[in-house]
Amino acid sequence: MTWSLVFEQLLNGLQYGVMLFLMAAGLTLVLGIMNLVNLAHGSLYMVGAYLAVAGMEATGSYAAGVALGFAGTLVVGMVMELLALRPLYGRDHLDQVLVTFGLILFFNELIAILWGRGSLYTSLPAWLQGYVELFTGSRYPVYRLVVLAVGLVVALLLWYVVTRTRLGMLIRAGATNRTMVAALGINIRLLYTVVFGFGAALAGLAGLMAGPMYAVQPGMGELILIQVFVVIVIGGIGSIRGALVGAVIVGVVDTLGRAFLRPLLATVISAPAAEAAGPALASMLIYLLMAVVLSVKPAGLFQSR
Amino acid sequence: MTRGALFWLVVAIALAALPPIAGALGQPFYIDLVRRMMILAIAATSLNLILGYGGMVSFGHAAYLGLGAYAVGILGVYGVTSGWAQWPVAIGACALAAAAIGAVSIRTSGIYFIMITLAFAQMLYYLGISLEVFGGDDGMRLKSRSTFSGLLDLGNAVSFYYLCLALMLVAIYVTYRIVNSRFGMVLRATKSNEARSRAIGFSPYRYRLTAFVIAGAMCGLAGALYANHTNYITPGLASWVQSGDLMFMVILGGMASTAGPMLGAFALLIAEEILKGWTEHWQVILGPLLVLSVIFFKRGLAGIFHA
Amino acid sequence: MLEVRGLTKSYGALRASDGIEFDVREGETHAVIGPNGAGKTTFISQLAGDLRPDAGRIVFAGEDVTQLRAPRRARKGLARSFQITSVYNEFSALDNVALAVQARAGHSFRFWRDARQDAALREPARRLLDQLGLGARADVLAANLSHGEHRQLEVAMALALEPRLLLLDEPMAGMGVEESQRMIGFLGTLKGRYSIVLVEHDMDAVFRLADRISVLVYGRVIATGAPEAIRASPQVRAAYLGEEA
C-alpha cells in the first residue's frame with residue numbers, strides 16, 4: 001500500500017464520484033422540483049451507453065457515438081416524460097415507484113431483445129487510449145482523467161446556470177416551493193420538461209462515458225442508481241451542491257474501501273478472515289455511512305426545504 | 001356464515017384439493033407452482049401490514065426474504081439442519097435486521113424512506129454477493145432441507161405444500177387480528193392522518209417500528225420456506241426486483257385488505273407463468289402491464305370480492 | 001394551569017409571535033381574539049407542541065413543556081381541536097372518538113383483541129358522541145359528515161382525552177347560526193370543569209363564554225382583561241376597526 005497507489009485510487013474515487021454526480025444532479029432536481037420518484041433514471045443511463053455503442057459501430061466514429069448517445073438519450077427522456085410520467089405528477093410516491101419500476105422491466109428487456117443479454121464491448125479512439133504519467137511516478141489512464149475533467153466542467157456549468165441565470169433561479173425556487181412558482185404564472189409544464197430533459201441528458205452522458213470502463217449490459221442502470229439514491233439521501237433532495245458533495249464522498253469512500261479495507265483489516269486480524277470480511281464490509285460501507293449521516297441529519301446534509 | 005368466512009372456506013378447500021387433483025391429472029408441476037405462490041403470499045401479507053395498513057412505502061422488503069433463506073442455508077452449512085433451530089433463527093435474525101434498519105429509516109418519510117429502505121436492502125444483497133464462502137453471486141444448494149424430528153418431510157412435495165398452505169392461512173389470520181387490534185388501529189390511524197394521531201397522543205415512531213419488525217419477521221419465515229422450496233439460496237432473493245414484485249402483489253391485490261396480498265401474489269405469478277409460455281422476453285410485456293394496472297386499476301382485486 | 005412567558009417565533013423577517021405573555025387559571029375560559037394574520041394559529045401550534053418557539057417558555061400544570069412535542073403534551077392532558085377539520089376520514093365517527101379514548105387509555109401495544117368490540121373504548125366514545133349530539137351519526141364515515149358535525153367531532157375527540165386544558169381553535173368556524181348556538185350552549189357546560197383556551201372570531205360566543213379575553217395583534221398581546229373591559233377599550237377598538245366588537 002504505497003502512497004502512489006492511494007493517490008491512484010483517490011483519483012478513481014473522484015472519477016466515480018463525478019459519474020455519480022452526473023446522475024445525481026438530474027435526479028435530485030427531478031425529485032426536488034417535480035416531486036417525482038423516477039426509478040427509470042437508471043434506464044436512461046443504460047440507453048446512453050447503448051446508443052453510444054450503436055453509433056460507433058454504425059459509423060465508425062467515436063464522436064458520432066457520443067453525439068448519438070447524448071442527443072438520443074435526451075429524446076428518449078422527453079418521450080418517457082411525455083408518455084409515462086406526466087400522468088404521475090401529483091400522484092403519491094407509491095404509484096410513481098410502481099410505474100417507473102414497470103418501465104425498468106420494459107427497458108431492460110427491450111435492450112435485451114435488441115442487443116442480447118451479454119456485455120457489449122466498447123472501443124476507444126486512439127487519442128483517448130493510453131496513459132499519462134502522474135507526479136507520483138505511476139501511470140494513469142488518460143480516459144479516466146478525461147471523464148473526471150468532463151464531470152468537473154459539467155459541475156461548473158451547472159453551478160453557473162443554477163446560480164447566475166434566470167432558469168437557474170426558477171429551478172432553485174421550484175426546489176424550495178413548487179406551488180409558489182406555479183402560482184407566479186411560470187409555465188410549470190415547460191419547466192418540468194426542461195428539468196427532466198436536463199436530467200436525462202446528464203444521465204445519458206454518464207452512461208456513454210461509462211461504457212468503456214464498466215460493463216455495458218441490461219440492468220447496468222440499476223446498479224448505479226441505488227448508489228445515486230445514497231448520494232441524494234446524503235446530500236439532501238433538491239440540492240445540487242448536496243449532490244456534488246454526496247457524490248464525491250460516496251465515490252471516494254466506496255473506491256477506497258474496496259481497495260484498502262481488506263489489506264487494512266489484514267493488519268489487525270488474520271489474513272483469511274480479512275479475505276472474507278474485507279469485501280463484505282467494503283460493500284456495506286456507503287450504506288453504513290448513509291445511516292450515520294441520517295441519524296444526525298434526517299433530511300441530508302444540504303436540506304433545501 | 002358471513003361472506004368473509006365463506007370466502008376463506010372456499011379458498012382453503014380449493015387449495016387443499018389441488019394436490020390430489022394435480023396428482024390424478026399427472027401434473028405435479030402445479031403443486032410446486034401453487035406452493036411458491038403461497039410462500040410469496042406470506043411475504044406479500046407481511047408487506048401489506050406496513051405498506052397497505054401502515055402507509056410505509058418500504059422498497060426493501062425482499063431483504064428479509066433473502067435473510068431468512070440465508071439463515072437456513074448458512075446454518076445448514078454448519079451442520080444445523082433442524083428446522084426447530086433454523087426457522088426461529090431466520091425469524092429472529094430478520095426481526096433484528098428490521099429493528100436496525102427501521103430504527104434509522106422510520107425517522108425519515110416520503111421519498112427519503114423509499115430510497116433508504118431500497119438502499120439497505122441493496123446493502124444486504126451486496127453482502128450476500130460478497131460472501132464467496134456461501135456461493136457469492138451464484139448462491140448455493142442447501143446441504144439438506146430443514147428437518148423436523150421426523151414429523152414432517154419437506155422433501156415430500158405434497159406434505160410441504162400442506163405445510164405452506166397452513167402457514168399461509170395462519171399468517172393471514174394473524175395479520176387480520178393485528179390489524180383490527182388496538183395496535184393495528186393506531187397504525188392505520190397514523191396512516192390516515194398523522195397530525196391528528198399526534199394531537200391525541202400517539203407517537204407514530206414506536207408503532208411504525210414495531211409493525212416494521214413484525215413484517216420483517218413474518219417475511220423471514222417466508223424466506224425460510226422459500227429456501228426449502230427451491231432447495232437453493234441466492235442473493236437475488238433480496239434484490240430490488242423482488243422487492244418491487246412484492247409491492248406489486250400488494251397493490252394488485254388491493255392494499256389494506258385481508259385477502260389482497262394472497263390474490264395479488266397469485267395473480268402476478270399466474271400472469272408471469274402465462275407470459276413466460278409465450279415468450280422468453282415476457283418482461284417487456286409485464287412491465288407495461290404493471291404500469292397500466294397502477295394507472296387505471298387502483299382498487300385491486302380484493303375490491304371485487306369485498307374481502 | 002398554563003403559563004406562557006416571552007413566546008417568540010419568527011419566520012425570517014416576520015415575527016409571528018413577538019414575546020407573548022399569556023396565562024390561564026384553573027377552570028378559566030380564556031379567549032384569544034385578533035384580526036386575521038395576528039398570529040393566532042402560530043400561537044396555538046406552539047401551545048399544542050407542533051411548532052417549536054424560538055424563545056420563551058410554556059409551563060403547563062407546573063411543568064415546563066416547552067421542549068416537549070405534541071404527542072407527549074397530549075398525554076399530559078393538553079388536548080386541542082383543529083381550526084381546519086383534521087379527523088380520520090376513512091373511519092366512522094365512533095371509530096374516531098374511540099381512537100381518542102384509546103390514546104387516553106395508555107399504550108396501545110395490544111395485538112389480538114378486536115378494538116372495535118372493546119367496550120372499554122366504545123362505551124365512553126358513544127357517550128361523548130351523544131353529549132355532542134352526534135349519537136345518531138356514530139356509524140357514519142367521517143368523510144360523509146356535514147361541516148358542522150365535523151366541528152362537533154373535533155370537540156368530542158378533544159374531550160375524549162380527559163384533558164386538563166382544552167385548546168379550541170375556532171370550534172365554530174363555518175357553522176350556521178343554529179349550530180353555533182348549540183355549540184355555544186355545549187361549550188358553556190364545559191366552563192369551570194376544564195381550563196379552556198378559546199380562539200374564536202364569533203364575538204357572540206367569545207363574550208358569552210370567556211372569563212378573560214386576550215387580544216392578539218401582529219404577534220403581540222395588546223390587551224388582556226375581563227370581557228367588558230376589552231369591549232370598552234379604545235386600543236382594542238382601534239386595532240379591530242372594521243370587525244365586530
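Q: How many residues do chain B and chain C each put into their contact?
A: Chain B brings 27 residues and chain C brings 36, where contact means heavy atoms within 4.5 Å. Keep in mind that this is a predicted model: local features need pLDDT of at least 70, side-chain atom pairs count only at pLDDT 80 or more, and totals for chains, interfaces and linings use all residues. Residues are numbered from 1 along each chain as its sequence is written, chains are lettered from A and ligands numbered from 1 in the order written, and side-chain values use heavy atoms, with hydrogens and water left out.

Q: OK, what area is buried between chain B and chain C?
A: About 2900 Å², with carbon and sulfur atoms giving 57% of that. Buried area here is the accessible area (1.4 Å probe) that two parts lose on being put together, summed over both. On the chain B side, B:R182, B:R196 and B:I200 lose the most area to chain C, together 29% of what that side buries.

Q: And how many salt bridges are there between chain B and chain C?
A: There are 3, counting a side-chain nitrogen of Lys or Arg within 4 Å of a carboxyl oxygen of Asp or Glu. One of the salt bridges between chains B and C joins B:R198 to C:D50, at 3.2 Å from N to O.

Q: How many polar contacts between chain B and chain C, then?
A: The rule finds 17 residue pairs, both partners at pLDDT 80 or more. A polar contact is a pair of N or O atoms within 3.5 Å; within protein, one must be able to donate a hydrogen and the other to accept it, and residues adjacent in sequence count only if both atoms are side-chain atoms.

Q: Which helices of chain B supply at least two residues each to that side?
A: Those are α6 (157-180), α7 (182-192), α8 (194-200) and α9 (204-230). α7(B) gives the most, with 7 residues. Helices (H or I, at least four residues) and strands (E, at least two) are DSSP runs, numbered from the N terminus.

Q: Switching over: what's buried between chain A and chain B?
A: About 3900 Å², and carbon and sulfur atoms give 82% of it. A:L94, A:L98 and A:F101 supply 16% of the area that chain A buries against chain B, more than any other three residues.

Q: How many salt bridges cross that one?
A: The rule finds 1 between chain A and chain B. B:E280 pairs with A:R117, and their closest N and O atoms are 3.9 Å apart.

Q: Which helix of chain A gives the most to the side touching chain B?
A: α4(A), with 16 residues.

Q: Now A:T193, buried or exposed?
A: A:T193 counts as buried because its relative accessibility is 16% (buried means under 20% relative accessible area, exposed over 50%, partly exposed in between; 1.4 Å probe, protein chains only). A:T193 is in helix α8 (residues 188-210) of chain A.

Q: What does A:T193 touch?
A: Leaving out residues up to four places away in sequence, A:T193 touches A:M78, A:E81 and A:R86. With A:E81 there's a side-chain polar contact of 3.4 Å.

Q: Last one: which strand does β6(C) pair with?
A: β7 (residues 165-169) of chain C, in the parallel sense over 4 bridges; pairing needs at least two DSSP bridges between the strands. One partnership has C:A79 bridged to C:L166 in β7(C).
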